[in-house]
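Let's take a walk through a protein model together. Have the sequence and the 3D view ready, and we will look at rings and then at empty space.

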Amino acid sequence: MAESKVLYLQKVKNQNVSHILHKIWEHEAVSRIELVQMTHLTSGTITNLTQELISHRLIKESESISDSVGRKRVNLRFDNSYFYIIGIDIGRTSVSVVLSELTGNIVDTVEYGTEGITNPEEVLALIEPYVHKLLGQAESRKRKVIGIGVSIPGPMDQRTGKLINPPGFPGWAGYPIRPTLEERFKTRVFIEDDARTSALAERWYGIGRDGRDLVFVTMGMGIGGGIVQNGRVLHGTNGLYGQIGQMSLMTHGGAGDAISYDCWENLGSIPGILKRWSGNGDFRDYIVQVRAQEPHAVKVMEDTLRMLEASLTSLINLYDPDVIVLGGKLYPYLSPHMEAIVENVRSRVFDFVQERVIIEKAFYGQMQSLMGAVALVFGHVQENPLLVLGAD
């Protein structure tokens, strides 16, 4: 019974601390009096918990401000002077590492090409010396790496930390990525599907910082999605929530041709585009042909845009988000057409929401999933501060 009471009190404390951190982050800087009003916690609880967070160097007191009667108040904001986060983005053609301060300020970063490498151990061998260097760098600066976030193609088993046969990612099926990295770096590791980490980058550091519901769509060698509702990324019963690249699309070659079905990823990703083009060369060669107005290349691009338009319309009808965010290596080649696509999407949804359809580009561009790996750790700090910080 006594143990149950202790666990209950710890759970309540964690919830209260999390609530405080969310409000400080959402408003960037708030006073203790404002926190009392926002959280409905007592002034004594706010004083005790914020003092504990200051002692852990998670938040700090900042500049004083004056209220309407001239009294001075002290603001609280996140403290960047102690904690670091390491983010790792393992993609299908490259792997990147970043060292970041708690609030997303980049300290150092590196990228290695991995095209043609299908052995996970070879990929990790590229980054292992650099990660050890960053850990040593943090130690020499008397800073603490609060965790390592990993962005990698899914699906994955979050319980075991193993990948589950990610499409278009040969050699990684069943690989125990989380336990492997925890053993090598002796640091807490968090893993997540790269599309979801991209959504988390927006949720914590980008357009969704205020808690808006959003759908993130990443388009490149594959197509994936991350869904954020009420400030949290959703997973679903089998961890497949947001696997938007698997949506079925209807295609046909023209008048009289048979109708067929395939998934958006197989048709609209970079490999899918190249397959439909059937030309000689890589994606850069294809884009050259589009810009030269070669008829077949242009037709393939037009079909790709129509698929994007239809898929975005479906996403709005399915998830009803405040905003859809688009990113990935393919997006820059589609972006010149986005104004027309947004107008067409608006014409295909309910009349009363047409003007509320917002489609934006990713905040971090090509670094989106890498910064998402950082945001993954930062999100755990926000949601489970006592666990992550090792607080009593």
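We begin with the aromatic rings and end with a cavity.

This is a predicted model, in which local features need pLDDT of at least 70, side-chain atom pairs count only at pLDDT 80 or more, and totals for chains, interfaces and linings use all residues. Residues are numbered from 1 along each chain as its sequence is written, and side-chain values use heavy atoms, with hydrogens and water left out.

Rings of Phe, Tyr and Trp (its six-membered ring) pair if their centres lie within 6.5 Å; planes under 30 degrees apart count as stacked, over 60 as edge-to-face and the rest as tilted. By this rule there are 15 aromatic pairs. One of them joins phenylalanine 363 and tyrosine 364, edge-to-face, with 4.9 Å from centre to centre and 80 degrees between the planes.

Now find the aromatic cluster formed by Trp25, Phe78, Trp204, Tyr205 and Phe378. Charges sit over two of its rings, meaning that NZ of Lys or CZ of Arg is within 6 Å of the ring centre and within 35 degrees of the ring normal. Arginine 203 has its charged end over the ring of tryptophan 204, 3.8 Å from the centre, and arginine 209 lies over the face of tryptophan 25, at 3.6 Å from the ring centre.

Rolling a probe the size of a water molecule over the atoms shows where empty space is left. Met219, Trp264 and Leu334 are among the residues that line the second largest cavity.

Technical notes. 1 Å grid on protein atoms, 1.4 Å probe; cavity = no way out; pocket = protein on both sides within 12 Å on 5 of 7 lines; lining within 4 Å.
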